[in-house]
Amino acid sequence: MLGFRSVGIHAVAIAAIGSGMLQQSAIAGTQGGAEKPAWCKQLPRPEYAKLERVPVADPWFEIYKVAPYVLAIYEPHQSEETIGYLIVGNARALLFDTGMGIGDLKALTLKLSKLPIVVLNSHTHDDHVGNNWQFDTVYGMDTEFTRRNAKGSKEDAQAEIAPGEICGSLPATFDRAAYRTRPWRVSKWLHDGDRIDLGGRTIEVIATPGHTPDSISLFDRANGLLFTGDTYYPGTIWLYRSETDLAAYGNSVRKLAALRPEVKLVLGAHNVPVAPPSVLEDLAGGFEKVQDGQVQPKPAGVGKVIYRVGNISFLMRPPADAR
């Protein structure tokens, strides 16, 4: 159990966390009355009905309590369904991922926590770093991939708001034409095994490259919380991009599976914020079967295939194209 003071989270958030009075609401209709995208019709995801929701004024975000002094920041109106985490200690809070950069995340976090916030990304794909620029203190993994992505990108961001990617309404102040991943400055470079002291709570950085060269997981060992970024989340895991290293990914998921005896909850970066520790063994075992050729892929569009092993699935390049 955590012994944190309530100073870390505003009273409005604490009251809602304790009450459990709000549940996942239906997603609003798409702009202009257009037909909802197929992915949007499946929302709300039923798992959210079991979580305690924190009311916030900004309709772009939904906030859920997932563990003591840990809030999941969910963006259900964009197809990535990204999830960031506000991890609160006694002295500071750690914001693990800043999402799409469509909603005003800085304003939201100011309502959720009075503490200074340190930002750290699970990796630097555009859907996880969109609001980095809003924060003064941003830590980053010491990789060339991180340095390159910290310069920002317009092409990747614009693809996120293409037809079919948005469900419901974009914020009223959002400028489609100007949307891009803005550059950000890294305040401190991190490495595998580094620890971040939040005051009464220590977060360990675990390098888990594979999905990207700078992918990491975070381990709150004292409380058994493993934050896995895009190395694992409930849904089909993307392993097809040019920066993906399948050998490195295999090593990373085996590393996470070895932590299984100490893990009480797994918290991924898309779709649903919580999963049982058993998924770590399923993930490592499933990927090993794929790599050993024990699983037959199914076509999933041009240049992609899906491998399914039980409840685990991977979107990858066809075997002849895999590296």
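Q: Taking buried to mean under 20% relative accessible area, exposed over 50%, and partly exposed in between, which class does Asp192 fall in?
A: Bearing in mind that this is a predicted model, Asp192 has a relative accessible area of 48%, so Asp192 counts as partly exposed.

Q: And what does the side chain of Asp192 meet?
A: The side chain of Asp192 meets that of Lys255 in a salt bridge, with an N to O distance of 4.0 Å. Lys255 is in helix α7, whereas Asp192 is in the loop between β8 (188–190) and β9 (195–197), and the pair links distant parts of the chain, 63 residues apart. Lys255, with a relative accessible area of 33%, is partly exposed.

Q: How many salt bridges does the structure hold?
A: The structure holds 10 salt bridges. One of them joins the side chains of Glu262 and Arg221, at 2.9 Å from N to O. Glu262 lies in the loop between α7 and β14 (265–268) and Arg221 in the loop between β11 (216–220) and β12 (225–229), so this pair ties together parts that are 41 residues apart in sequence.

Q: Which residues are linked with those two in a network?
A: Arg195 and Glu204 are linked with Arg221 and Glu262 in a network of salt bridges. Of the pair just described, Glu262 is partly exposed with a relative accessible area of 38%, and Arg221 is partly exposed at 33%.

Q: What about Arg241, which acid is its partner?
A: Arg241 forms a salt bridge with Glu243, and the closest N and O atoms are 2.8 Å apart. Glu243 counts as buried because its relative accessibility is 16%, under the 20% cut-off, while Arg241, at 29%, is partly exposed.

Q: Switching to rings, how many aromatic pairs are there?
A: The count comes to 9 aromatic pairs. In one of them, Tyr249 and Phe287 have ring centres 4.9 Å apart and planes at 75°, which is over the 60 degrees required, so the pair is edge-to-face. Since Tyr249 lies in helix α7 (residues 246–257) and Phe287 in helix α8 (residues 278–291), the pair ties together parts that are 38 residues apart in sequence.

Q: Are those two buried or exposed?
A: Tyr249 and Phe287 are both buried. Phe287 also pairs with Phe314, where the ring centres are 5.3 Å apart and the planes stand at 70°, so this pair is edge-to-face as well. Phe314 lies in strand β17 (residues 312–316) and Phe287 in helix α8, so parts that are 27 residues apart in sequence are tied together, and Phe314, like Phe287, is buried.

Q: Which residues form an aromatic cluster?
A: Tyr48, Tyr64 and Tyr74 form one aromatic cluster.

Q: Where do charged ends sit over rings?
A: The charged end of Arg147 sits over the ring of Trp189, 4.3 Å from its centre, and that of Lys106 sits over the ring of Phe135, 5.6 Å from its centre.

Q: OK, pockets: what lines the largest one?
A: The largest pocket, with about 630 Å³ of space, is lined by 24 residues, and Ser79, Glu80, Glu165, Trp238 and His270 lie nearest its centre. Its lining divides into 6 nonpolar, 8 polar and 10 charged residues, and α4 (126–129) and α6 (155–159) each supply at least two residues of that lining.

Q: And the second largest, what is in its lining?
A: The second largest pocket holds about 350 Å³ of space and is lined by 17 residues, of which Gly101, Ile102, Trp133, Phe174 and Arg182 lie nearest its centre. By class, that lining has 6 nonpolar, 6 polar and 5 charged residues.

Note on methods:
Residues are numbered from 1 along each chain as its sequence is written. This is a predicted model: local features need pLDDT of at least 70, side-chain atom pairs count only at pLDDT 80 or more; totals for chains, interfaces and linings use all residues. Side-chain values use heavy atoms; hydrogens and water are left out. On a 1 Å grid over the protein atoms alone, a cavity is a set of points where a 1.4 Å probe fits but cannot get out, and a pocket is an open set with protein on both sides within 12 Å along at least five of seven lines; lining residues have an atom within 4 Å of a point. Grid points are joined across faces, edges and corners, and a volume is the space filled by probe spheres set on the points. Helices (H or I, at least four residues) and strands (E, at least two) are DSSP runs, numbered from the N terminus. Ala, Val, Leu, Ile, Met, Phe, Trp, Tyr, Cys and Pro count as nonpolar, Asp, Glu, Lys and Arg as charged, and the others, Gly among them, as polar. Rings of Phe, Tyr and Trp (its six-membered ring) pair if their centres lie within 6.5 Å; planes under 30 degrees apart count as stacked, over 60 as edge-to-face and the rest as tilted. Buried means under 20% relative accessible area, exposed over 50%, partly exposed in between (1.4 Å probe, protein chains only). A charge sits over a ring if NZ of Lys or CZ of Arg is within 6 Å of the ring centre and within 35 degrees of the ring normal.
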